[in-house]
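Open the model in your viewer and keep the selection tool at hand. The tour below goes stop by stop.

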Amino acid sequence: MDIDSPNQLPVLHVRLKSQLHVGPNAVTRDGLIKDVDERVVVKTFPAGQRAFALDEARLITLAECGDLVPAILGIFYHGDNDSETHVVFKWCGTAPKTFCDLPLTDKLLIKNAFEKLHEEGIWHGDVEPRNVVKDAATGKWTVVDFGEATTHICEGPTCSELVQLEKDLSF
Ligand SMILES: [Zn+2]
């Protein structure tokens with residue numbers, strides 16, 4: 001931060017790289033914070049869609065799931081509501097192509113991650129292989145993309161999202 005300008009937050013210089021996903025409300029890209037070479041994921045919401053960005057950030061913050069959900073490094077936009085909104089997430093890993101080819105240990109970690117989310121009162125709403133990512137260096141899984149998520153009172157093992165996940169993981 002520039003100490004001569006105490007009223008200004010530091011600017012994050014992010015170089016946007018490849019496109020990861022195009023969703024109904026946002027485009028998700030790989031990015032790199034230029035000064036420190038740190039990988040990030042940037043989700044860009046078009047003009048007029050800022051409420052979706054803030055809702056998603058609110059749900060991720062609400063899900064008190066530690067590092068099972070991605071850390072948000074910042075939300076960036078120009079003042080008026082007609083500009084794009086960029087949500088910058090810590091990079092957490094890469095998504096598998098399918099659930100069914102994963103080893104049992106990974107399937108269990110994914111199942112545990114969603115169970116924890118549900119215990120914390122979050123319905124993900126878009127459980128797909130592309131929305132779980134693994135850091136190959138640490139073996140850690142993170143649940144991503146809360147664009148369809150809502151708050152939820154979970155009934156436990158009979159909860160339909162958890163039942164469907166077990167089927168998709170083909171235990
Ligand atoms: Zn549930």
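How many bridges join strand 4 to strand 5? Select both strands: 5 bridges join them, and they run antiparallel. Helices (H or I, at least four residues) and strands (E, at least two) are DSSP runs, numbered from the N terminus. Two strands pair if DSSP finds at least two bridges between them.

Before moving on, note that this is a predicted model, in which local features need pLDDT of at least 70 and side-chain atom pairs count only at pLDDT 80 or more, while totals for chains, interfaces and linings use all residues. Residues are numbered from 1 along each chain as its sequence is written, and side-chain values use heavy atoms, with hydrogens and water left out.

**Stop 1: the open sheet**

Stay with strand 4 and strand 5. Pick isoleucine 75; opposite it, in strand 5, stands valine 87. Now widen the selection to the open sheet of 5 strands. Its order is 1-2-3-5-4, with antiparallel pairing. Strand 1 (14-22) and strand 4 are the edge strands, and each pairs on one side only. From one strand to the next, the twist averages 25°. Angles here run from 0 to 180 degrees between N-to-C directions, and axes are lines fitted to C-alpha atoms, for helices over the stretch in contact.

**Stop 2: strand 3 and its partners**

Select strand 3 (38-45). Of its 8 residues, 6 are buried, so strand 3 is largely enclosed by the rest of the structure. Buried means under 20% relative accessible area, exposed over 50%, and partly exposed in between (1.4 Å probe, protein chains only).

Add strand 2 (residues 27-33): it pairs with strand 3 in the antiparallel sense over 7 bridges. Aspartate 30 has valine 41 in strand 3 as its bridge partner. Then swap strand 2 for strand 5. Strand 3 and strand 5 also pair in the antiparallel sense, over 6 bridges. Here, phenylalanine 45 has threonine 85 in strand 5 as its bridge partner.

Go to the hairpin of strand 2 and strand 3, which has 4 residues between the strands. Click aspartate 37 in that loop. Its phi is near 60°, a positive value in a residue other than glycine. Aspartate 37 is exposed, with a relative accessible area of 56%.

**Stop 3: from strand 3 into helix 1**

Glycine 48 sits in the loop between strand 3 and helix 1. At 39% relative accessibility, it counts as partly exposed. Draw a distance from its C-alpha atom to that of histidine 78: the two are 30 residues apart along the chain and separated by 12 Å.

Next comes helix 1 (residues 50-62). At 1.5 Å a residue, its 13 residues should span 18 Å, and its end C-alpha atoms are 18 Å apart, which agrees. The expected span is 1.5 Å times one less than the number of residues. Color the buried residues of helix 1: Arg50, Ala53, Glu56, Ala57, Leu59 and Ile60. Their cover includes strand 3, strand 4 (72-77) and strand 5 (85-90). Contact means heavy atoms within 4.5 Å.

**Stop 4: helix 2 against helix 3**

Select helix 2 (residues 104-119) and helix 3 (residues 160-168). They pack at an angle of about 175°, with their axes 11 Å apart. The two helices are therefore roughly antiparallel to each other, the class for angles over 145 degrees (under 35 is roughly parallel, 65 to 115 roughly perpendicular, the rest oblique).

Show side chains. Ile110, Lys111, Phe114, Glu115 and His118 in helix 2 meet Glu161, Leu162, Leu165 and Glu166 in helix 3. By class, this contact has 4 nonpolar, 1 polar and 4 charged residues. Ala, Val, Leu, Ile, Met, Phe, Trp, Tyr, Cys and Pro count as nonpolar, Asp, Glu, Lys and Arg as charged, and the others, Gly among them, as polar.

**Stop 5: the hairpin of strand 7 and strand 8**

Select strand 7 (residues 132-135) and strand 8 (residues 140-143), which run antiparallel and are joined by 4 bridges. Valine 132 has valine 143 as its bridge partner, and aspartate 135 stands opposite lysine 140. Between the strands are 4 residues, and glycine 139 takes a positive phi near 80°.

**Stop 6: two loop residues**

Aspartate 145 lies in the loop between strand 8 and strand 9. Is this residue buried or exposed? Aspartate 145 is buried, with a relative accessible area of 18%. Its phi is positive, about 60°, although it is not a glycine.

Finish at glycine 125, in the loop between strand 6 and strand 7. Glycine 125 touches Glu148 and Glu161, not counting residues up to four places away in sequence.
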